[in-house]
Amino acid sequence: MKEWKEVKETYAEKTWCPGCPDFGILVAAKKALNELAKENKIELKNVVTVVGIGCHAKIYDYLDLNGYYSLHGRVIPALTGIKIANPELIPIGFAGDGDTFAEGMNHFVHACKRNSNINLFVHNNQVFGLTTGQITPTTEKGFIGPTTPFGSFEDPINPIKIALAARATFVARGYALNIEHLSFLMKEAILHKGFSFIDIIQPCVTYHNTRSFFEKKVYDLQSVQHNTKSFEEAMKRADEWNYSLDENAKIPIGIFYKTERSCFEDFLSQKPLWSIERRFNKKILEDF
Amino acid sequence: MDLNILIGAEAGKGTARTSLMIGRVFTLYGYYVFNYRDYPSLIKGGHNFNVLRISDEKVNSHENEYDIIIALDKKTIERHKDNLKKDGIILTEKSLIEEQDVKKYSDIKYRIIYLDASDVMKKHSFQEIIVNNILAGSLFKFLGIPLEFALKAAEKEFGEKSDKIKIAITEGYNLIKEPKIKEPQKVNKIKRNKKYFISGNEAIGLGAIASGLDLYIAYPMTPASPLMHFLALQQKKHNIFVVQLEDEIACINAAIAGSYAGARTMVGTSGGGFALMTEAISLQGMNEIPLVVYLAQRPGPSTGVPTYTSQGDLKFALNAGHGEFLRIVVAPGDAKEAFEKTIEAFYLSEKYRAVSIILGDKHLGESTYSFDSFKLDSSKILEKIKPTNKKMDYKSYLITENGISPRALPGSNFIVRATSYEHDEYGITTEDPEIIKKMVNKRMKKIETIKKETKKMETFKVYGKGKNLIIGWGSTKGAIIDALKKLEDFSFLQIYYLSPFPNEIKKYIENAKNVFIIENNATSLLSQVIAENIGIKIENKILKYDGRPFTPNEIIKEIENW
C-alpha cells in the first residue's frame, strides 16, 4: 500500500541531461502537490499527470502518480477529456514548447477560450531537445540548429500574449530554476478554477543554454506590485519580453493575469461519468 | 403492394422530413417502408429528393423506377419523369408549375395531377413550405390510408409543431375525392404489429445508448453528423453528454483520455476526419483504453463527394494507425444490424481493451429502414468499472494468459497509468528488449483470445440456399437481399466482421458454383481482404462507384448479363 500523503518518485532511472532544469520542475511540482495535499486542498489519488512527447514528458515516469502519456501536441485534448469524464480528477499537464505551440497550438488557443478546469505547465526551453536541437515557435531569430544551419529567420511567438488574447483565466510565467517561486505558481494554478497556464522558461543545457541570460533578466512581478486583475497591465508586462535574447530585455515572472468566468465543465456532468447508473431500457426503441 | 414514391424539391423545402412523415404513416399502418435520401452538398436551391419504397413484404432498398412522383418544383418533373413507370402518376400543386410548362407536359405520355391548394393556403394563411404536407395528405387519400393514421404519425414526427401540419394533411386529404389505387383491400392482409422505422445513424446512436454511452465527442462531418445531432438531442433524456471540440484530433484524444478516466466514449467521423484520427487510433493500440469509432464512408479520395455513398475505406479502417495491434472492424448492413452491432462493438472494445470501428456509410446512415424486432443480448452490455479503495499492487499492463490486463480507474487507491510509449507492467517507459517483446506478445495474444469469442458470434450470415453465391458487406445488403428474391439459385453471404475476419466463410465460397462480389467501390476491397485472409481470389466483381447505392434491378441486370 502506497502512502498517499506524499508524492514519491518511481523506480525509473532519470535520463534527463545532468543539470537539466527539468529537475527543477520535478521538484517544484512535487513540492506544490505535497503542500496542497498536506493542506487538504487536494487528494493525491485524484491527480492525473498528462504529458506530451519530448524531454519534459519523462516527468510521467518519475512522479509516482496516476499518469497519461499522450501524443506530441495532444496534452490539452487529453486533459480536457479526463476532466469532462470525471470532474473530481485533477488533470495536470506537462508539455513542451514545441508540443504546445507548434503541433498543439490549435488546442492551446481553444483551451484558453474554452476555460476547462485544467492545468498546463509548459517546459519552455525554446528548443526541441529530445530530437537534437531544432527550432520551436519560441526560438529566437538567428538560432542555428540542424534544420536551420544558416540561422532561423522567424521571430518567436509570445505565448503569454496569445493566452491573454485568447481569454485564458490564469496566465503565469515561471522560471524552472526558481523552484520556490515556481512551486507557488503551480499551487495557485491548481487551485484556480479554469484553464491555468504557466509558461515555465528554462535553459536547455545542451542545445539552448540561456541560463546566464535568464539569471540577469528575470524579475518577479510581485516586486513591482503588478495588478493581476488588470488585463491591460498584463498585456503591458507581457510585452516586456518577446522571447528573443535581447540584451535590453526584462523578463517578468509570476502571475500576469487571473480572472474568473464559467468553466467548460460547468455545462457538463457535475459528477464522474462512471458514477451515472445506466440500466438498459428495452423500451429505448419504442419511440421509433 | 410494392410502391416507389419519389418526393423532390429544392434543398430547404422540407422533402426529407415530409418523406419520413409519409414513411411513418405507412409503417404505423402496417407496411414495410424503406426511405432513400439523395441530396447535394448545398443548403438552399439545387435538387433534393427522397425515394420511399412501401410494401406489404419486407423491403430493404429502393428502385429508380417510380409509381408516384410528388413534385414540389419543376426540376423534380424534369429530372425524374423518364423514370416514371408506365402507369405512374406525378402529383403536384398548380402554383408550383408555370403555365407554359403545364402545356408542355400535357403532350407527354405520363399522368400529372395538379391539385389546387390555393384556397386552403389562403384560408389558413399557410407558408409556402406547408404545400408538402397538403400533397402528403392527398397521397394518403389516394392510397386509401385512413386519415387518423396519418394524423397520428404526423404528431409523432413533428411533435408540438404538428398542429398546422395536421390541418394541412386533412385539407390535402379532402382535395381527393376517392382513393385512386385499388389496393386498400390488400391492406387488410398486412400484419398490424409494431414496426420500427429508424435510420442507420439513429440505430447506431440507440445502440450506443443501450451500451451505456456516457460521452460522444465529434467534429461535424457529413455523413457522420446526423449521429451527432441525434445524440445531442438525446442528452437530457438519457443523461449522456455530447461535446464538439476544435478538430477530430482533439475529439479522439479527449475521448481516449475520457475513457481512461472512466467514461464510456465514442467518436464519429468520415474519411478526412478519420485520417486525422489515425494517430490516436494507434495510441489506443498501445495504451489499450477502450474506444468506439463510427466511420461513415463517403466517396473519396480527399473531399470527394461529401453527401453521397461509398465503401472505399475498408482497407483504411482495417489498417488505421501505425504499428501492429488489434483493430475490431464491424460493418452493419441495415438499421436493425446497426443497433445490434453497435452493442457488440462496445462490448468487444470494453472487454478486450481495443478500438472498435463501426464501418458504415452514407447509405446506411441516412437511409431509414423498417423492421419488426431486434435482438438484444444483455450479456453484451458490460458494467462500467469504478475506482476502488482496495489495497493492491495494481499493474496497469499486467501480463496475463489471455493478453487482457484488468482495467482500473484513476481515483483509486493505487496508481493507474496509460501510455503511448512501450512500457513495463506498471506502465513505466521501457526500452528493454525483453520487456518490449513480452508486451508485444501480450498485445498479440489479445488477437488470439478475441478470435475464440468472435468465432461464436454472428460474424457473417448466409441468406438463401442457391448454389451461386453473392458476397457483400455493409449497406449493399438491402439491394442484394431484395434482388435475391428474383435471382434463381442464388444465395448471399454477408460479412459483418472484417476484423477479426471470419475464416469460416471459406467453405461457402469453395462450395459455390459461381461467386460474385458486390461492392460500392472501384477496386473490390473486400475481395482483397478475402484473398489476404483465406487465400481465395474472386474474379466476378460487380462494382459501383458513382456515389449512388445499388438498386435490386441494377444487380439483377448485372448478374443476368454476366
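These are my notebook entries on a predicted model with chains A and B, taken from the whole of chain B down to one residue and then across to chain A.

**Entry 1: chain B as a whole**

I began with the overall dimensions and found that the C-alpha trace of chain B spans about 85 × 55 × 40 Å along its principal axes. I then looked up the radius of gyration, which is 26 Å for chain B, and this agrees with the value near 24 Å that a compact globule of 562 residues would have. Of the 562 residues, 54% count as buried. Among the contacts in chain B with a separation of 6 or more, I noted that 73% come from residues 24 or more positions apart. For secondary structure, I recorded 20 helices and 21 strands in chain B.

**Entry 2: domains of chain B**

I looked up how chain B is divided, and the assignment gives domain 1 (2–193), domain 2 (198–380) and domain 3 (460–560). The C-alpha centres of domain 1 and domain 3 of chain B lie 34 Å apart. Their contact takes seven residues from domain 1 of chain B and eight residues from domain 3 of chain B. On the side of domain 1 of chain B that touches domain 3 of chain B, I listed two nonpolar, four polar and one charged residues.

**Entry 3: a sheet in chain B**

Next I traced an open sheet of eight strands in chain B, whose order is E6-E5-E4-E1-E3-E2-E14-E7 and whose pairing is mixed. Its edge strands are E6 (111–115) and E7 (196–199) of chain B, each of which pairs on one side only. Neighbouring strands of this sheet are turned by 20° against each other on average, direction ignored.

Within the sheet I followed strand E4 (residues 66–71) of chain B, which runs parallel to strand E5 (residues 84–93) of chain B and is joined to it by five bridges. One residue pair I looked up here is B:Ile70, whose bridge partner in E5(B) is B:Leu91. Helix H5 (residues 131–142) of chain B lies across E4, E5 and E6 of chain B, and it runs at about 135° to E5(B).

**Entry 4: B:Ala11**

I then turned to a single residue, B:Ala11, which has its place in strand E1 (residues 2–11) of chain B. Is B:Ala11 buried or partly exposed? I found 17 other C-beta atoms within 10 Å of B:Ala11, and because a buried residue needs 20 or more and an exposed one has 12 or fewer, B:Ala11 is partly exposed. Leaving aside neighbours within four places in sequence, B:Ala11 is in contact with B:Tyr39, B:Leu42, B:Ile43, B:Lys44, B:Gly45, B:Gly46 and B:Asn48. I also checked B:Asn64, which is 53 residues from B:Ala11 along the chain, and the C-alpha atoms of the two are separated by 20 Å.

**Entry 5: where chain A meets chain B**

Last, I looked up the contact between the chains, in which 42 residues of chain A are in contact with 53 residues of chain B. On the side of chain A that touches chain B, the elements giving two or more residues are strand E2 (66–69), helix H3 (75–85) and helix H5 (105–114) of chain A. Which element gives the largest share of that side of chain A? It is H3(A), with seven residues. By class, this side of chain A has 22 nonpolar, 12 polar and eight charged residues.

I closed with the strands that pair between the chains: E2(A) and strand E15 (residues 417–419) of chain B pair in the parallel sense over three bridges. At one of these positions, A:Gly67 has B:Arg417 as its bridge partner in E15(B).

Technical notes. Residues numbered from 1 in each chain as written. Chains lettered and ligands numbered in written order. Predicted model: local features only at pLDDT ≥ 70, side-chain atom pairs only at ≥ 80, totals over all residues. Domains from an automatic or database assignment. Contact = placed C-beta atoms within 7 Å. Nonpolar A, V, L, I, M, F, W, Y, C, P; charged D, E, K, R; others polar. Helix = DSSP H or I, 4+ residues; strand = E, 2+ residues; numbered from the N terminus. Pairing = 2+ DSSP bridges. Rg over C-alpha atoms; globule rule 2.2 N^0.38 Å. Axes fitted to C-alpha atoms, helices over the stretch in contact; angles between N-to-C directions.
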